[in-house]
Each structure stands twice: as structure tokens, then as C-alpha cells.
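User: I am new to this structure and would like to start small. Could you take a close look at one single part of it, and then tell me how the rest is laid out around that part?

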Amino acid sequence: MLLDRIDNFDIFRPKMDASKEVLHGIATFTADISPVFPYVNAELGGWDYDQTNQVLLLKMSDGKWITLHPQKIAIRGARDMAEAKALLAWIQGQINDIYVRREAITPRHMSQAGLKVMEILKLLPMTNCKACGYAACMAYAAALREGEIRLEDCPPLWEEKFREKREKLQAYLESFGWRALDAD
Ligand code: SF4
């Protein structure tokens with residue numbers, strides 16, 4: 001097991017805004033978990049992966065973040081102590097499970113943070129039709145970059161006349177390992 005013991009887990013309210021109803025937590029341990037980062041990045045879809053400093057940022061679906069450092073895990077945005085502890089237990093389980101399975105996983109070294117909104121926008125129909133629920137294609141492009149929506153949410157993109165754009169957009173997103181936040 002790569003991460004068998006957490007030595008300390010501090011849970012606190014962020015000092016920047018103590019009125020916020022969220023908690024942050026920092027877990028520390030002696031094991032070095034950085035060897036599993038490229039595999040966790042592949043399996044869980046890391047938002048940003050800094051290979052130089054070995055920092056992997058995981059964006060969760062409801063405004064929570066988990067940041068992995070070699071000997072530290074930071075959790076941001078938990079609703080309460082129970083959720084902070086549950087998130088830590090979950091990521092510890094993921095790290096250990098992925099580490100065991102790593103030889104069957106293709107490591108991923110890229111990250112979604114490199115996607116450019118303007119590049120996405122250029123590959124959309126750009127009709128500002130609002131069928132996606134956004135007021136303009138620009139807003140949809142920004143949400144797509146964040147993984148908050150899917151390509152299927154832009155109906156015109158699936159029309160035959162936009163096939164070339166759609167395929168280019170799919171290839172562009174895939175080149176950064178894009179995935180929706182609610183993806184399995
Ligand atoms: S549905 Fe597609 S084309 Fe229409 S506004 Fe949204 S992103 Fe633009």
C-alpha cells in the first residue's frame with residue numbers, strides 16, 4: 001500500500017473569509033505519493049498537473065478541490081468535518097487502488113488547465129443561439145473548458161454542417177485529456 005498512514009489532518013476555516021461555510025483540510029504523511037500522480041491524473045482527470053513541482057490538482061464536481069503534493073493532501077471546500085474526512089478517505093483509497101493497478105494504466109502527463117477558451121470558441125457554431133442555455137457561445141466555451149458541461153449540450157454542433165468543427169473540437173479537448181466533471 002502506497003499511502004497506508006495519515007500522520008495528521010488539520011481541518012480549518014479559511015482565514016481569508018472566516019464567514020464562509022466551508023472547511024479546508026491538510027493531511028500530512030511520510031510516504032511519497034508522487035510516483036502515482038500520472039496514474040491518478042489518468043484515472044481521475046486532473047485539472048492541473050505541475051510535473052516540475054509534483055503538484056496534481058483535482059477539481060471535484062461541486063466546487064471542491066483536492067490538491068496532491070508528494071507528502072501532503074489539501075482539501076478545499078468541504079461542507080463540514082464529516083465531509084472533509086470522507087473526502088480524505090476517498091482520495092486515500094483512490095491513491096492506493098490506482099497504485100496497485102498502475103501497470104495497467106497509461107500514465108497521463110498533460111492537464112486540462114492548458115485549454116484555451118478562445119480556441120474552443122473558434123470551433124463552436126458561433127451562432128449565439130442560446131440552445132445550450134447560455135447567452136452566447138463564449139459562455140458555453142468557458143463552461144466547457146471547466147468541464148461543467150458536455151459537447152452534447154450544444155445541439156447545433158451535432159448538425160452535419162458543423163461536423164468538421166465538432167471533430168476538431170473533440171480532438172482538441174482530447175489532446176488535453178478533457179473530461180466532464182460528472183464523468184465516471
Ligand atoms: S448551443 Fe452552441 S451555438 Fe448555440 S449558443 Fe450554445 S454554444 Fe453557441
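Analyst: Happy to! First, one term: two residues are in contact if their C-beta atoms, placed from the backbone, lie within 7 Å. Please also keep in mind that this is a predicted model.

Let us look closely at helix H4, which spans residues 137-145. Which of its residues are buried? They are Cys137, Tyr140, Ala141, Leu144 and Arg145. To count as buried here, a residue needs 20 or more other C-beta atoms within 10 Å of its own. These buried residues sit on the same side of H4, because they cover an arc of only 135° around the helix axis. A general rule helps to picture this: an α-helix has 3.6 residues a turn, so residues three or four places apart point the same way. And what do the buried residues of H4 pack against? Their partner is helix H3, made of residues 117-122.

The ligand brings us back to H4. It is surrounded by 15 residues, and the closest are Cys129, Cys132, Cys137, Tyr140 and Cys154. Two of these names, Cys137 and Tyr140, are also in the buried set of H4. Sorted by class, the shell around the ligand holds twelve nonpolar residues, two polar ones and one charged one.

Now step back along the chain into the loop between H3 and H4. Met126 is found there, and so is Asn128. Most residues other than glycine have a negative phi. Met126, however, has a positive phi near 60°, and the phi of Asn128 is positive too, near 50°. Are these loop residues buried or exposed? Each is partly exposed: Met126 because it has 15 other C-beta atoms within 10 Å, and Asn128 because it has 14, with the partly exposed class lying between 12 and 20. On the other side of the helix, Gly147 comes just after H4 with a positive phi of about 80°.

How does this part fit into the chain? The domain assignment gives domain 1 as residues 8-104 and domain 2 as residues 115-175. The centres of the two domains, taken over C-alpha atoms, are 30 Å apart.

For contrast, here is a short tour of some strands. Strand E1 (residues 8-12) lies largely in the open, because the number of buried residues among its five is zero. E1 runs antiparallel to strand E2 (residues 23-28), joined by five bridges, and Phe12 has His24 in E2 as its bridge partner.

Strand E4 (residues 55-59) has two faces: Leu56 and Leu58 make up the covered one, while Val55, Leu57 and Lys59 make up the uncovered one. On one flank, three bridges tie E4 to the antiparallel strand E3 (residues 48-50), with Asp50 paired to Val55. The hairpin of E3 and E4 has four residues between the strands, and Gln54 takes a positive phi near 55° in it. E4 also pairs with strand E5 (residues 65-69), again antiparallel, over four bridges. There, Leu58 from the covered face stands opposite Ile66 in E5. In the hairpin of E4 and E5, five residues lie between the strands, and Gly63 has a positive phi near 80°.

To return to where we began: keep your eye on H4, with its buried residues packed against H3 and with Cys137 and Tyr140 among the residues closest to the ligand.

Key:
Residues numbered from 1 in each chain as written. Predicted model: local features only at pLDDT ≥ 70, side-chain atom pairs only at ≥ 80, totals over all residues. Domains from an automatic or database assignment. Pairing = 2+ DSSP bridges. Near = placed C-beta within 6 Å. Nonpolar A, V, L, I, M, F, W, Y, C, P; charged D, E, K, R; others polar. Arc of directions from axis to C-beta.
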